[in-house]
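Reader: Hello! I would love a close look at a single part of this model, with the reasoning spelled out as you go. Could you walk me through it?

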Amino acid sequence: MSDAGSPAGKLYVIGLGPGPASWLTPEASEALAAVTDLVGYFSYVERVAPREGVTIHGSDNRVEIDRARHALELAEAGRVVGVVSGGDPGVFAMAAAVLEALESGPEAWRGIDIEILPGVSAMQAAAARIGAPLGGDFCAVSLSDNLKPWSIIARRLEAASVGDFVVALYNPASRARPRQIHDAFALLRKLRPHSTPVAFARAVGRPDERIVLTTLGEADPGLADMSTLVIVGATTTRLIARPGRNPFVLTPRSYGAGR
Ligand SMILES: C[S@@+](CC[C@H](N)C(=O)[O-])C[C@H]1O[C@@H](n2cnc3c(N)ncnc32)[C@H](O)[C@@H]1O
């Protein structure tokens, strides 16, 4: 809570989902209707319908902590602040940045009323497009080495393969980081059968959506960009053929019991 006498601000961390407004939760819509200030990466704040009286604080993608601190300052000053994130705010996104800023910030920030509102994550949206690839145990790994060294990413990909997890790869490539997805595939090809189903799900839920279903052996890692979520199956992941339609990808809930 704010100090006695100061206005009671609030900070919502709002998940916008990966694309269309129809994937926004009613709770997130209500919060967006209540905010006085909207804070976020330019392309996320642009996805929110403009409303009179709302101050927009757009910023570059690389300044998450500064953005989080600014949002906390605004809330401390009594504003009702919405920090917007694509997908779910807790998955490689602003909820962690806000809490990192809170942890290292002034003691007074701990009293701010903060609410984190979930959203549909890219891996859920991508999975729904191709079937049920996350029906068994899975993990998510960000290939961005901006915040952690590649050696950790490689170790996690190895561990996920030893554990035979389906892996959802976030942040697979960008113009500044074109190599990681190639290195990840080179590593995964040493550790998993080349027949493993792989999906490149780009811009899911947006007009330029593109889904490519392939195998680990045949995949072209160059298909991945900043808007792509890559799903690499486990040994139990398989395809269900359908006449005249794309096959479904299935990772069954049971393990090792055969088909
Ligand atoms: C910084 S992370 C944010 C993830 C987000 N918080 C979530 O829950 O989906 C950005 C990465 O999410 C994935 N992503 C986000 N939106 C996507 C979409 N519509 N289609 C496919 N992948 C998406 C991409 O891998 C992208 O590089």
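**Around the ligand, and on to helix 6**

Author: Happy to. The model is a predicted one, and the ligand is a good place to begin. Of the 25 residues around the ligand, Pro18, Gly87, Ala93, Ser121 and Ala122 come nearest. By character, the shell divides into 13 nonpolar, 9 polar and 3 charged residues. Three elements each supply at least two residues of this shell: helix 5 (122-130), strand 9 (197-202) and strand 11 (228-232). Domain 1 (10-120) and domain 2 (123-250) both give residues to the shell, so the ligand shell lies between the two domains.

Next, some backbone angles. Most residues other than glycine have a negative phi. Phenylalanine 92 is not a glycine, yet has a positive phi of about 50°. You will find phenylalanine 92 in the loop between strand 4 (80-85) and helix 4 (94-104). It counts as buried, because 20 C-beta neighbours lie inside 10 Å, and 20 is enough for that label.

Asparagine 171 also departs from the usual sign: its phi is positive, near 45°, and it is a residue other than glycine. Asparagine 171 sits in the loop between strand 8 (166-170) and helix 7 (180-191). With 20 C-beta neighbours inside 10 Å, asparagine 171 counts as buried.

Now to helix 6, where the geometry can be checked step by step. Helix 6 covers residues 150-162, which makes 13 residues; at 1.5 Å a residue they should span 18 Å, and the end C-alpha atoms are 18 Å apart, so the two values agree. Its buried residues are Ile153, Leu157 and Ala160. They cover an arc of only 65° around the axis, which means that they are on the same side of helix 6. The general background is that an α-helix has 3.6 residues a turn, so residues three or four places apart point the same way.

What does that buried side meet? The buried residues of helix 6 pack against strand 7 (138-142), strand 8 and helix 7. The face turned away from the buried side carries the exposed residues Ser151, Ile152, Arg155, Ala159 and Val162. After helix 6 comes aspartate 164, with a positive phi near 55°.

Strand 8 and helix 7 tie two parts of this tour together: they are among the partners of the buried residues of helix 6, and the loop between them holds asparagine 171.

Technical notes:
Residues are numbered from 1 along each chain as its sequence is written. This is a predicted model: local features need pLDDT of at least 70, side-chain atom pairs count only at pLDDT 80 or more; totals for chains, interfaces and linings use all residues. A residue is near a molecule or strand if its C-beta atom, placed from the backbone, lies within 6 Å of it. Helices (H or I, at least four residues) and strands (E, at least two) are DSSP runs, numbered from the N terminus. Ala, Val, Leu, Ile, Met, Phe, Trp, Tyr, Cys and Pro count as nonpolar, Asp, Glu, Lys and Arg as charged, and the others, Gly among them, as polar. Domain bounds come from an automatic or database domain assignment. A residue is buried if 20 or more other C-beta atoms lie within 10 Å of its own, exposed if 12 or fewer, and partly exposed in between; C-beta atoms are placed from the backbone. The expected span of a helix is 1.5 Å times one less than its number of residues. The arc is that of the directions from the helix axis to the C-beta atoms. Two residues are in contact if their C-beta atoms, placed from the backbone, lie within 7 Å.
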